[in-house]
Amino acid sequence: MEKSSTDEEDVVEIREDTLTYMATSLASSVEVGNIGALGFEKDDQKKNDETVEDYYLVEFIGKPYLEQRTGAWLVDCCWLLSVPRARHWYTKSKQPKTVNMMHIVATDVRMNPSSPTNMIPKSVRKRAEQQNAIKISLESHDFIMDEISRRERLEYDPSRVVVDNESNSDIDE
């Protein structure tokens with residue numbers, strides 16, 4: 001049975017509606033001063049590079065607002081910059097950016113300061129401590145990665161074929 005273009009358009013529309021609902025829902029959970037995560041797709045050169053995360057961290061500096069022309073939820077934030085040679089450690093910047101809530105995957109990322117039980121690598125410790133570096137909690141990192149994976153499954157690819165193993169097992173019997 002061949003799919004019509006209307007079926008494909010319906011799937012695209014449902015996907016867009018789902019992502020819009022998720023963005024609207026997340027917009028209501030943004031608190032000024034909280035850390036959020038912005039998911040993105042790595043380019044081909046960095047796909048297998050484990051030193052590059054699948055997300056950026058931001059600090060929210062404003063509440064989300066609805067952009068009237070496009071209907072998109074936007075939020076003002078500042079980037080967190082990764083500390084070189086210190087995986088999962090970040091420093092806050094003053095680089096403001098307006099981002100679309102559609103790309104936000106978490107709004108309450110837990111960060112931990114340096115402490116005797118949470119040490120910055122020695123090679124970068126002095127400079128990182130001067131810049132008040134903070135480390136993302138393992139739980140927040142795992143949540144962000146799971147959310148990115150869930151959202152990737154929402155991506156619509158008309159060339160992808162989904163096989164239902166239960167249906168196939170009935171045929172074999």
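This passage goes through the predicted model, starting with the whole chain and then turning to a charged patch and three residues.

Taken as a whole, the protein chain is a mix of four helices and eight strands. Read from the N terminus, the order of these elements is α-β-β-β-β-β-β-β-α-β-α-α. So much for the layout; the next point is how the chain packs. Of the 173 residues in the protein chain, 34% come out as buried. The accessible surface adds up to about 11,900 Å², and carbon and sulfur atoms account for 49% of that area. As for contacts, take the pairs of residues at least 6 apart in sequence: 60% of these contacts join residues at least 24 apart.

On the surface there is a patch of negative charge, put together from Asp7, Glu8, Glu9, Asp10, Glu13, Glu16 and Asp17. One of its members, Glu16, sits in helix 1, which covers residues 5–27. With a relative accessible area of 44%, glutamate 16 is partly exposed, because the exposed class only begins over 50% and the buried class ends under 20%.

Leucine 74 makes a useful next stop. This residue belongs to strand 4, which spans residues 73–82. Its relative accessibility is 17%, so leucine 74 counts as buried, the cut-off for that class being under 20%. Once neighbours within four places in sequence are set aside, leucine 74 still touches Lys63, Pro64, Tyr65 and Glu67, along with Thr98, Val99, Asn100 and Met101. There is also a link to alanine 27 to look at: 47 residues separate leucine 74 from alanine 27 in sequence, yet their C-alpha atoms are 8.4 Å apart in space. Helix 1, the one that holds glutamate 16, runs over residues 5–27, and alanine 27 is thus the residue at the end of that range.

The last residue here is arginine 125, found in helix 2 (residues 125–130). Is arginine 125 buried or partly exposed? At 22% relative accessibility it falls in the partly exposed class, since buried would require a value under 20%. Leaving out neighbours within four places in sequence, the contacts of arginine 125 are with Met119 and Ile120. Serine 114 lies 11 residues away from arginine 125 along the chain, and the C-alpha atoms of these two residues are separated by 9.3 Å.

Conventions:
Residues are numbered from 1 along each chain as its sequence is written. This is a predicted model: local features need pLDDT of at least 70, side-chain atom pairs count only at pLDDT 80 or more; totals for chains, interfaces and linings use all residues. Side-chain values use heavy atoms; hydrogens and water are left out. Patches are made of residues with over 30% relative accessible area and no salt bridge: like charges are joined within 9 Å, nonpolar side chains (Val, Leu, Ile, Met, Phe, Trp, Tyr) within 5 Å. Accessible areas come from the Shrake-Rupley method with a 1.4 Å probe; for residues, only the protein chains shown count as cover. A salt bridge is a side-chain nitrogen of Lys or Arg within 4 Å of a carboxyl oxygen of Asp or Glu. Lys and Arg count as positive and Asp and Glu as negative; His and the chain ends are not counted. The place of a charge is taken as NZ of Lys, CZ of Arg, CG of Asp or CD of Glu. Helices (H or I, at least four residues) and strands (E, at least two) are DSSP runs, numbered from the N terminus. Buried means under 20% relative accessible area, exposed over 50%, partly exposed in between (1.4 Å probe, protein chains only). Contact means heavy atoms within 4.5 Å.
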